[in-house]
Amino acid sequence: MSIKENINKIDENIWEIPSSYKKQMKVPARLYLNEEGIENLEEGAIEQVTNVACLPGIQKFSLGLPDIHFGYGFPIGGVGAFNMNNGVVSPGGVGFDINCGVRMIRSNLSEDDLKPYITELTEKLFKNIPSGVGSKGKIKLLPKEIDEVLNKGAEWAVNNGYGWKEDLKFLEENGRIKNADSEVVSDKAKKRGIPQLGSLGSGNHFLEVQKVDEIYNEKAAKIFKLKKGTITIMVHSGSRGCGHQVCSDYLRKMDKAYKKYKLNIPDRQLACAPLDSEEAQDYLKAMYAAANYAWANRQMIVHWVRETFEDVLGKSAKDMGMTTVYDVAHNIAKEETHIVNKNGMKLNLLVHRKGATRAFGPGRSEVPEDYREIGQPVLIPGTMGTSSYVLHGTEIAMENTFGSTAHGAGRILSRSKAKKEFSADEIKENLLSKGIQVKANSDPVLAEEAPGAYKNVDQVVKTSDKLGIAKLVAKVTPLIVTKG
DNA sequence: ATGTTC
């Protein structure tokens with residue numbers, strides 16, 4: 001019997017795999033996908049979302065979002081929320097690139113304002129924002145400073161001259177998540193992090209200069225201060241080798257911990273520890289430290305973007321209105337209060353979002369005051385050369401997905417398959433014909449990141465919008481792309 | 001995603 005025969009349609013774009021599917025399942029799995037998404041869903045991802053449903057202390061549902069695909073242990077595009085009292089934390093539920101995320105900056109510039117400078121701007125952005133595998137930042141961080149970066153995040157960056165204090169107001173966790181502790185980050189992770197701070201990385205990480213192409217919701221756009229035709233900048237990056245090392249270090253520790261605490265898990269890649277254990281607490285502190293590193297990283301990149309615009313256009317970043325729209329983490333686990341039962345009682349949960357974006361609705365204290373009336377901005381990056389989207393969080397997301405939605409396009413071709421299928425030259429030509437400047441360190445990376453290697457992001461956000469787990473606000477299209 | 005197989 002095909003696995004898919006166990007998927008029951010609950011409602012338009014909502015599917016459920018009952019907890020009877022696997023003996024160990026504690027809750028059902030829920031998939032938020034359109035028909036096409038269900039048809040194309042890999043069996044491996046179905047196994048993974050149902051495996052997560054077997055973990056101790058999981059609440060309500062193991063969730064798969066519109067961009068769900070196969071990952072390490074947990075699916076990417078997955079959410080698992082665990083009771084703080086009897087639940088677990090699993091590094092596989094956060095991912096290797098801890099606090100991979102997206103930051104968006106707005107401006108008062110138009111496409112015409114940029115036109116005379118487009119080539120120079122492309123070259124200088126590429127030069128000033130280091131990118132590529134193993135790329136190094138252009139600052140020399142002292143070894144003792146890394147602890148401060150890990151503990152203070154974007155606040156460290158602002159205190160050291162990177163960007164503006166008011167930026168912090170518009171970052172998830174204000175760019176500094178509490179309970180981070182560099183003491184439990186290995187020397188190896190610090191050593192990898194020191195030279196890489198202030199670099200973009202590789203793969204699907206990018207820096208884009210975009211224009212606001214379409215507004216779907218005038219009221220929300222006004223609240224987010226996004227105007228049709230204006231230029232925006234998007235940074236998609238994470239915690240580099242530092243976060244990767246933290247994940248590796250703690251996967252090894254968790255592999256021992258789940259045996260020590262006699263946790264019955266269906267897949268070793270779901271290695272985890274009870275939240276009240278020392279192993280879990282140390283991982284959380286280290287993971288938060290890596291998250292802070294990523295917020296500092298994006299803060300520095302934005303600072304150099306502003307400097308580059310100032311250099312090329314000869315105006316100040318303030319005069320160009322280059323303020324922060326928002327910054328979201330899409331690989332993180334956080335303690336949050338949610339209503340789980342019909343009795344309306346609030347519970348403290350550890351919500352793992354892996355390749356999932358927080359989409360908190362109106363009124364939540366975590367949403368910046370300026371946006372609280374409409375809900376938080378949800379930034380969903382597209383693939384190179386395609387559109388990216390701004391949505392807003394909703395009450396429906398709070399009720400159904402622990403305040404979460406998708407995080408991007410989702411890969412459909414493996415890197416190796418994409419390299420065989422596409423050539424860098426044809427991609428560059430294709431983008432240029434659409435008026436998009438692209439500059440990358442490596443041709444293979446361009447082929448790996450070909451738009452054809454990814455699920456259509458338009459479908460992903462459309463499904464989210466239809467479901468109401470984040471509603472469309474604006475579409476932005478790229479003018480300049482730089483990547484690893 | 002990643003010093004792309006410590």
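Reader: What makes the seven strands an open sheet, and in what order do they stand?

Author: In this predicted model, the seven strands follow the order 1-2-3-4-5-13-12, with mixed pairing. Strand 1 (8-11) and strand 12 stand at the edges with a single partner strand each, so one side of each has no neighbour in the sheet. On average, neighbouring strands of this sheet are turned by 25 degrees against each other, direction ignored.

Reader: How do you know that strand 12 and strand 13 are paired?

Author: Two strands pair if at least two bridges are found between them. Nine bridges join strand 12 to strand 13 (residues 346-354), and the two run antiparallel. The requirement is therefore met. As an example of partners, Lys334 is bridged to Val351 in strand 13.

Reader: Which residues lie nearest the centre of the second largest pocket?

Author: Lys334 is one of them, together with Glu173, Ile177, Lys178 and Glu335. In total, 25 residues line this pocket, and its volume is about 600 Å³.

Reader: Which elements supply at least two residues of that lining, and which gives the most?

Author: Helix 10 (278-313) and strand 12 (331-339) each supply at least two residues. Helix 10 gives the most, with four residues.

Reader: What classes do the residues of the pocket lining divide into?

Author: The lining holds 13 charged, eight nonpolar and four polar residues. Lys and Glu count as charged, whereas Ile counts as nonpolar.

Reader: Why is the pair formed by Gln196 and DNA strand B called a polar contact?

Author: A polar contact requires a pair of N or O atoms within 3.5 Å. An N or O atom in the side chain of Gln196 is 2.7 Å from a phosphate oxygen of DNA strand B, and the pair therefore qualifies. Ser202 places a backbone N or O atom 2.9 Å from a phosphate oxygen of the strand. For His244, a side-chain N or O atom is 3.4 Å from a sugar or linking oxygen of DNA strand B. Helix 7 (187-196) and helix 9 (240-260) are the elements that give two or more residues to this surface.

Reader: Which residues come nearest to DNA strand B, and what part of the strand do the atoms within 4 Å of the protein belong to?

Author: Of the 16 residues around the strand, Val133, Arg192, Gly203, Asn204 and Arg240 come nearest. By class, this surface has eight polar, six charged and two nonpolar residues. Sugar or phosphate accounts for 56% of the strand's atoms within 4 Å of the protein, and bases for the rest.

Key:
Residues numbered from 1 in each chain as written. Chains lettered and ligands numbered in written order. Predicted model: local features only at pLDDT ≥ 70, side-chain atom pairs only at ≥ 80, totals over all residues. Heavy atoms only, no water. 1 Å grid on protein atoms, 1.4 Å probe; cavity = no way out; pocket = protein on both sides within 12 Å on 5 of 7 lines; lining within 4 Å. Points joined across faces, edges and corners; volume = space filled by probe spheres on them. Near = heavy atom within 4 Å. Polar contact = N/O pair within 3.5 Å; in protein donor to acceptor, adjacent residues only side chain to side chain. Axes fitted to C-alpha atoms, helices over the stretch in contact; angles between N-to-C directions.
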